[in-house]
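Reader: I'm in my first year and I'd like a close look at one part of this structure. Could you pick a spot where two helices meet and walk me through it, then show me what surrounds it?

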Amino acid sequence: MPGKSEKRTRGTKSSPIIIKINGKAHEFELGRDLEPETTLSFLLREKLGYTGLKVACDEGACGACTVLMDGKAVLSCMKLAVEAHGHEIQTIEGLPKDDPVIKAFADQCEPGYGTALQCGFCTPGFVMAAKGLLNENPKPSPAEIKEGLSGNICRCGCYSGIARAVLHASETTEGGKK
Amino acid sequence: MTPPRPYTPRTARKFIGAYRPRIDAMEKASGKVQFVDDITLKSRFPGMLYAKVMRSPYAHARIKSIDASLAEKLPGVKAVLTCKDPEVSSLKPTSAGWTDGVDTVSYERMMWRHFRDRRVLGDHACWATDEVGAVVAAETEQIAEEALKLIKVEWEVLPFVLDPLEAMKPGAPVIHPEISPNNILPKDPVGGADIFVDKGDVDIGFAGSEVVVEATSVHHNATQASLDNWCCLVDWKEDKLTVMSNSYEADQSRMHISQMLNLPINKVRVISSYVGGQFGRGDTGDQPFFLFTALLSRKSGRPVKFRHSRRESFHDSRQPAIYTGKIGARKDGTIISMYFKGIGNSGAYADHTMFAMKFAPTEITEVALAYIPNVRMETYGVYTNKLPACMMRGVGNSQFNLIFGHVVDMLAEKLKMDPVDLALKNFGHEWGGLPDKSLTAVLCEGAKRIGWKEKRHKPGKGPVHDRTKKRGVGFSFHPAWHAEWQEARRGEIRIRITVNPDCSVVLDAPTVETGTGSNTCNVLGCAEALGFLGITTDDIVWPHTVDTETSLKDCVQTDSAVSYLQSEVVARAALEVKQRLLEKASKLMKAAPEALDIAGGRVFRKAAPAKGLTVKDVFMKGDMLPVVVEMGRAPNSERTGVPYIANFAEVEVDTATGRVQVLKLVVLNDCGTVMYASGAEAQQIGGQVIGVGEALTEEIIYDQATGVPLNFNWIDYKIPTMADMPEIDPALLEVWRGAGEYGACGIGEGTVTCTPRAVLNAIYNAIGVRIDDIPVKPEKVLKALGKA
């Protein structure tokens with residue numbers, strides 16, 4: 001049986017949950033700011049107002065909630081907020097205005113591939129998934145792009161344009177990094 | 001990969017038809033666009049409550065008694081309503097099929113007024129997860145869900161039926177006895193008789209035919225699956241009700257709420273902004289949940305938000321249909337008789353069932369079947385305890401194309417004719433001769449791009465790849481249905497152009513932005529029409545929010561026609577803008593307006609073009625008042641016919657596993673005029689996700705023992721991802737021409753229509769065995785091959 005002292009777990013006043021979000025450290029207290037079952041997506045959207053990420057399925061099937069954790073793409077609806085303790089989260093709001101991946105998605109109009117977005121609901125998730133892919137593999141082949149982004153759903157169906165945008169982002173920069 | 005082949009415009013224009021980014025591309029790519037769920041965060045509406053509705057655990061049941069007293073006492077619960085409360089039970093019976101979206105209609109004039117089978121929060125559950133019984137508003141969604149569990153319900157569980165053929169049999173459970181004693185939707189003045197097309201005499205036609213083929217095709221339950229789940233926030237303060245929602249029809253939503261809740265129209269304010277995908281879901285937004293959310297707001301005195309979870313967003317589907325078709329011809333390929341019979345599975349509520357079952361087939365009859373002397377079509381809509389069905393990127397078109405393209409392909413085989421030749425010999429439209437120019441263009445271009453002559457072989461007799469894989473090609477075609485004359489029912493479409501003193505422009509052309517690209521078409525059309533100002537698209541602002549209190553009536557995103565309808569009005573309004581500017585300038589330049597002209601942003605005397613003023617100077621030296629032109633115009637009803645669309649597919653079937661892989665799709669649309677090339681291609685490519693999904697993987701599965709749907713999630717309901725999609729070659733053509741400045745035609749819905757049938761015909765070409773129902777899952781292929 002755990003003793004009284006062992007109840008002083010992470011998230012109490014003495015040991016808050018610390019998550020760096022878009023470069024800024026945030027402190028949360030368990031029970032006050034979030035619960036053990038609070039998902040990262042809920043914390044980011046509903047509590048902190050980072051509405052770029054979307055919750056479309058809330059069960060890890062569509063990728064609309066993708067954010068970067070320590071530079072790797074993660075599904076924020078499948079991560080508990082407490083799991084982000086000590087990690088660095090980047091949402092689409094944390095990307096610079098002239099981010100090459102954002103720009104490639106916005107600019108795509110190369111004939112034969114359509115645009116890289118229509119309704120735009122899945123787009124932030126795709127952009128962050130593409131960032132994660134390019135961090136791991138700065139020069140992906142078309143097949144690697146297909147595989148790398150196959151966890152995201154675009155019901156408007158702009159997959160051709162998205163693949164093209166990611167290819168362009170990888171060509172114009174060092175793997176989408178500035 | 002074939003290198004892309006950009007289209008060549010028939011008429012060169014400066015802006016219209018461009019390959020360029022969308023006007024909202026940067027805002028969307030950077031995640032700055034705010035959808036209604038984003039706008040209505042609790043941090044922005046501190047007093048906001050969340051609503052949750054009770055859902056039936058049974059496919060068919062009635063609530064005998066309901067006790068919500070424990071729920072009302074749960075801390076955090078602010079309002080509870082049940083089906084027994086008078087403010088709920090006194091609401092009129094309704095339908096979610098008030099209108100097809102083309103026009104705004106009242107309760108009395110709703111399209112399917114004979115099938116008012118829906119109650120707002122009723123006591124009769126007609127499908128498992130039907131929204132019935134009670135609704136709760138609480139401080140959090142979790143508390144609302146907890147409260148629902150505390151409501152005691154005594155259910156009378158009723159027998160259910162899922163299969164429409166079973167539902168039609170005597171003794172089947174009757175779902176809406178007040179409307180139909182046998183589940184078959186009765187005849188109604190809107191849809192017409194059961195035999196709704198009867199041209200010539202099909203029996204004589206078949207008797208005189210030398211070749212006859214007959215087939216069946218079955219279209220199962222697919223769902224729209226917009227990523228943006230249904231969401232609304234309703235704030236009812238004193239006598240004023242404000243709704244923010246992701247319904248795509250603001251004016252109709254206002255009419256619906258006003259008429260159902262007996263509020264003056266000006267006391268209902270509907271605000272719609274960006275919507276994350278529409279695809280026809282919810283028909284036209286006449287959804288009962290707007291009303292119970294409103295009543296919760298009134299009761300609690302607080303803004304109330306209601307949003308569906310993903311599972312709850314499995315709320316509508318494409319009309320499932322079982323079609324049989326029969327076609328008779330002479331040996332030379334002249335078709336003389338066609339007969340189609342459809343059984344539509346309406347699901348729990350009628351909604352737009354008869355629209356799907358009768359509208360699309362009627363339209364194809366007057367267009368593609370104009371030269372067939374004998375045609376009969378017969379259809380029945382049948383209630384079952386499945387998910388209700390409505391529009392989904394078209395209304396009934398995909399379902400009808402599945403049988404139409406089937407019998408055409410079968411007949412061609414029996415006649416030993418190329419189906420391209422058979423199609424060109426028989427199908428045109430009543431406004432033109434045979435062969436039809438538009439059909440010829442889409443079929444010949446498609447055949448060329450897919451490699452029809454080289455790749456097509458005798459069914460199942462092609463080479464084998466990797467020991468077990470066989471390839472095949474197929475196509476299907478359909479007349480489009482979004483020419484200007486087909487939009488006449490919209491009545492006047494109003495827009496407003498404001499030219500400010502610095503020549504910047506505000507274009508009020510309201511429509512809810514659902515992703516279709518019509519916003520970009522509008523701005524291109526405006527820049528084109530105001531070309532004399534010497535402006536670019538960057539000088540034009542298009543307000544993306546529709547607010548029924550401040551906006552003009554929205555032109556509804558249906559029929560994919562907003563891409564050109566508003567631009568047609570803008571083209572005319574621009575002439576008036578020019579006239580007003582000339583009048584302004586005439587005072588300054590001391591010349592009659594007729595003696596002046598404007599080009600490149602300069603006003604000049606026609607007699608001495610070198611001298612003049614900039615338009616900006618005309619404003620700045622004059623009265624500084626903006627030029628505001630508001631104009632309404634009804635669509636041109638000149639009967640210009642419609643163009644054709646087609647889809648060619650190449651597939652590979654693994655005969656060992658039954659897996660079908662689509663290798664390539666060629667999507668062809670005769671657009672009349674391409675309004676915005678990148679957007680049109682995005683629609684052509686994008687539609688294939690729904691088309692391929694419906695053809696191969698997407699289907700709602702029900703537990704036959706309980707009637708409970710089993711896959712209301714995106715893990716088991718399989719939507720194609722990037723890895724599942726083939727190479728897609730979009731082909732934009734300009735052959736047909738409609739009325740008006742542009743003579744364009746909507747294309748978005750039609751991009752989906754021909755995909756399943758093209759894929760199925762290609763599968764037949766690959767393996768030599770026909771599969772009649774979609775989605776074609778591996779087990780169906782193995783069964784067809786006699787391996788399972």
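Author: On one side of the meeting place, H10(B) brings Ala356(B), Ala360(B), Pro361(B) and Ile364(B), and on the other side H11(B) brings Asn397(B), Gln399(B), Phe400(B) and Phe404(B). Here, "in contact" is about C-beta atoms, placed from the backbone, that lie within 7 Å of each other. Sorted by class, that contact has six nonpolar residues, two polar ones and no charged ones. For the sorting, Ala, Val, Leu, Ile, Met, Phe, Trp, Tyr, Cys and Pro are nonpolar, Asp, Glu, Lys and Arg are charged, and the others, Gly among them, are polar.

Before going on, keep in mind that this is a predicted model: local features need pLDDT of at least 70, side-chain atom pairs count only at pLDDT 80 or more, and totals for chains, interfaces and linings use all residues. Residues are numbered from 1 along each chain as its sequence is written, while chains are lettered from A and ligands numbered from 1 in the order in which they are written.

Now for how the two helices cross. H10 of chain B covers residues 353-366 and H11 of chain B covers residues 397-415; their axes come within 8 Å and cross at roughly 55°. That angle makes H10(B) oblique to H11(B) (under 35 degrees would be roughly parallel, over 145 roughly antiparallel, 65 to 115 roughly perpendicular, and the rest is oblique). The axes are lines fitted to C-alpha atoms, for helices over the stretch in contact, and the angles run from 0 to 180 degrees between N-to-C directions. The crossing of H10(B) past H11(B) is right-handed, which is to say that the near helix is turned clockwise from the far one by less than a right angle.

Gln399(B) also leads us to a strand. Among the residues in contact with Tyr323(B), leaving aside its neighbours within four places in sequence, are Gln399(B), Leu402(B) and Ile403(B), as well as Phe340(B) and Thr216(B). You'll find Tyr323(B) in strand S14 of chain B, residues 321-329. Helices (H or I, at least four residues) and strands (E, at least two) are DSSP runs, numbered from the N terminus. Tyr323(B) has 27 C-beta neighbours inside 10 Å, so it counts as buried (20 or more other C-beta atoms within 10 Å is buried, 12 or fewer is exposed, and in between is partly exposed).

For another spot, try Leu74(B), in the loop between helix H3 (69-73) and strand S3 (77-82) of chain B. Leu74(B) is partly exposed, with 17 other C-beta atoms within 10 Å. Beyond its neighbours within four places in sequence, Leu74(B) is in contact with Ile143(B), Glu146(B), Ala147(B) and Leu150(B). The C-alpha atoms of Leu74(B) and Tyr323(B) are separated by 52 Å, and the two residues are 249 residues apart along the chain.

Let's step back to the whole of chain B. Chain B has 21 helices and 31 strands. Its radius of gyration is 28 Å, close to the 28 Å that the globule rule gives for 788 residues, so chain B is as compact as a globular protein of that length. That radius is taken over C-alpha atoms, and the rule is 2.2 Å times the number of residues to the power 0.38. Of the 788 residues of chain B, 60% count as buried.

How values were computed. Two residues are in contact if their C-beta atoms, placed from the backbone, lie within 7 Å.
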